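Please open the model in your viewer and keep the sequence panel beside it. The stops below say what to select next and what is to be found there.

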Amino acid sequence: MKKLLHLFTKIKPKFWDIRVSKTQVQILFNYRRVWLISIFMLTVVSLIPLSMFMIFNFRLAHEAIQRENRLRTERLTSNTRRTITYFLEERLDALRFIIREKRFNTLKNNVELIYLLRNLQMGFGGYIDLGLIDSFGLHINYAGPFDLQGKNYSNQKWFIRCVEDGTYVSDVFLGYRKLPHMIIALKLPMQNGSFYILRTTLDIQKLIQILSSLELSEKSDVFLCNHEGLVQTPSKYYGEVLKRVDLPIPEYSHRTQVIEATDKAGNPILIGYAYIQNSPFILMLVKRSEEIMKSWYSLRDEIIWLFCGSTVIIFIVILGISTFMVNKVYEADQTRLRAMESLASSSRLITVGRLAAGVSHEINNPLAVINENAGLIKDLFTLKKEYKEDQQLMELIDAVLDSVERCGEITKQLLGFARHFEPQIKPLQLNRVISEFLSFHRKEALYRNIDINMDIPEDIPVIYFDRMSLQQIFLNLINNAFQAMKDGGHLDIIVNRQQNDYISIIIRDNGCGISSEDQKKIFEPFFTTKGLKGGTGLGLSITYGLVRKFNGDISVQSKIGEGTTFTVTLPINSEGDFQNENLAR
Amino acid sequence: MHMKILVVDDEKKIADALAQRLGLRDFDATPVYDGTSALSRLRKDTFDGIILDLRLPDIDGIQVLRQTMEAFPDMRVVILSGHGNEQDFKICLELGAVACFHKPANILKLIESLVGSSDEKTSASLHKD
């Protein structure tokens, strides 16, 4: 939690804590609002097309995969249907061949029939028996494992149907041996208007083989059922043989169809089906949707991940850009504000200075009148003996003169105050001036046991500089040094002469030091490490401004824990460089 | 011997009172109230010293000082101004004034500057206080 908080303070935009208050009318923007709007707008315009594209793509892929699956199912169903139709046709054709090849008399011969059955079993396989039935439904000849000769079929369904249609393919049913099998029958009309029927029983093992040879996935199923919905060949999931299928019976269609449905357990499934012509069979191919859509699911996951990933990246970029831009605006605003503030304060001070100068000048003359007149009265009284002895009178006059003197002092100070705003280049003896400046800190140094070491060589020339500016430059640096040092610290002040009529003043402390990151910023206005405890962040920026104003330079070297060294380089004669502006006359 | 002093101030009350006070201290003081009459009095009479205001109704006090110093290089001129700033005082001292004072000034200090010692002229200094 603490780490998270730390991270937030690191990435928190600079303007975050700025609140628009009534006292800060100059703040033009609610930065947070601008920032949020920017993020919102950028997010909307970039993510809406992206998500639309994604949804579109999503659907397209979904539909394509679904269509592909349907097509595949349809194709497989269709092929299987053809195989089964062909299988049944083949069986019928074999019978057809026999009927045309062999005469009725030959077929009536039991030995011939047994011979034919053996040939069929060897040539095609799957034939169980072979029987000849006359037009009355009587089993007149039979070859096979059961004793069916002489049985009458005249009122049985298959017989009636075969008489009507000419051929018959039965459902699968359990015979005497309790093995599922089916019959097919073929009617052969005779020239005399009568007819007979060739009937054979088929083992359905061959059919089952055809279906099981399909390469299907684990959860898929293929089987036959009849029009009533009874399962005809073994099904893995949808019911036992000759029991009702667990699925709805699809509508009749002469073509292969694919429909979507749900199974008993509620799983969505895809059913490919085909009504097999000239037979009671419906071919059913059932696939579980979830399985056939597996490839879709993995694709979908990929799309979703891609979308989430790009969304996150886009959002981070947007966040970064917005923060950067608003920070820039904020910084620009701050710079502008500072410029305005300093302009306002300096113009305010100039006004005050002018006013003070004006008032002082105007008051000085009446003060002089009072002074001279009171002085004259005093002079006159002093000459006359009767008044000279009068103590009270003399005291009164002296009181007037004292007051005049005090007023004079005040006006003089006011004039001095006004003059502070115009730099006055004067010759300054550096060692004397620096000692004077240090006098402000003598007591604190004594109290905190701070050792101040001044090294100012004799040959340092008199410099021409504005005393007030120099004082300000110095006091800011020395103040900072004092604040950085612990009790018992060590402060060096070293002055060196440089070439080209410059001198350098080095102020070195062994205090806490400044991080290299902060070193870049210390001359910026309002940068402070003193937190809320009272640093205005202006000291060093004022120092910097003053040094630059007089064509000097200032640099800093510092190491955390070892101390800080400020080097100020100043021209020996700043008069030529600096234009004296007389502000308060 | 009495020193002859010319007191130049546009404020009549100041000039008169100052002249009278100097008179009480054994000076022969004459008050005038503008630059022109000051210069004409200087031409008619011989004076030992001048107390000169810088702001005069007709001619600028610095101008008066300049002309006086040209005509009488040895004249002891003390500037007494309610308006003068450091720059003006600096110019006056360069022109040859012996001392500069802000109004209101102590009469004893004025006299001290007027009388002066023999070498004071060479080391003219700015009286700030």
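Begin by selecting the strands of chain B, which form an open sheet of five strands in the order β2-β1-β3-β4-β5, with parallel pairing; strands and helices here are DSSP runs, numbered from the N terminus, with E over at least two residues for a strand and H or I over at least four for a helix, and two strands pair if DSSP finds at least two bridges between them. The edge strands of this sheet are β2 (27–32) and β5 of chain B, each of which pairs on one side only. Neighbouring strands are turned by 20° against each other on average, direction ignored.

This is a predicted model, in which local features need pLDDT of at least 70 and side-chain atom pairs count only at pLDDT 80 or more, while totals for chains, interfaces and linings use all residues. Residues are numbered from 1 along each chain as its sequence is written, and chains are lettered from A and ligands numbered from 1 in the order in which they are written.

Stay with the sheet and select β1 (residues 3–8) of chain B together with β2(B): the two pair in the parallel sense over six bridges, and V8(B) has V32(B) in β2(B) as its bridge partner. Next add helix α3 (residues 61–71) of chain B, which packs on the sheet and touches β1, β3 (49–52) and β4 (76–81) of chain B, where contact is taken as C-beta atoms, placed from the backbone, within 7 Å. The direction of α3(B) makes about 165° with that of β3(B), the axes being lines fitted to C-alpha atoms, for helices over the stretch in contact, and angles running from 0 to 180 degrees between N-to-C directions.

Now colour the whole of chain B by secondary structure, and five helices and five strands appear, following the pattern β-α-β-α-β-α-β-α-β-α along the sequence. Of its 129 residues, 43% count as buried, a residue being buried if 20 or more other C-beta atoms lie within 10 Å of its own, exposed if 12 or fewer, and partly exposed in between, with C-beta atoms placed from the backbone.

Where in chain B is P104(B) found? Select the loop between β5 (99–102) and α5 (107–115) of chain B, which holds P104(B), and look at the peptide bond that joins K103(B) and P104(B): this bond is cis, with omega about -15°.

Move to the boundary between the chains, where 17 residues of chain A are in contact with 15 residues of chain B. On the side of chain A that touches chain B, α8 (294–383) and α10 (391–419) of chain A each supply at least two residues, and α8(A) gives the most, with 13 residues.

Within chain A, select β7 (221–226), where five of six residues are buried. β7(A) pairs with β10 (residues 281–288) of chain A in the antiparallel sense over six bridges, and N226(A) stands opposite F281(A) in β10(A).

The last two stops are residues of chain A with positive phi that are not glycine. L242(A), with phi of about 70°, lies in the loop between β7 and β8 (257–262) of chain A, and L242(A) counts as partly exposed because it has 15 C-beta neighbours inside 10 Å. N449(A), with phi near 60°, lies in the loop between α11 (430–448) and β12 (451–455) of chain A, and N449(A) counts as exposed because it has 10 C-beta neighbours inside 10 Å.

Note on methods:
Contact = placed C-beta atoms within 7 Å.
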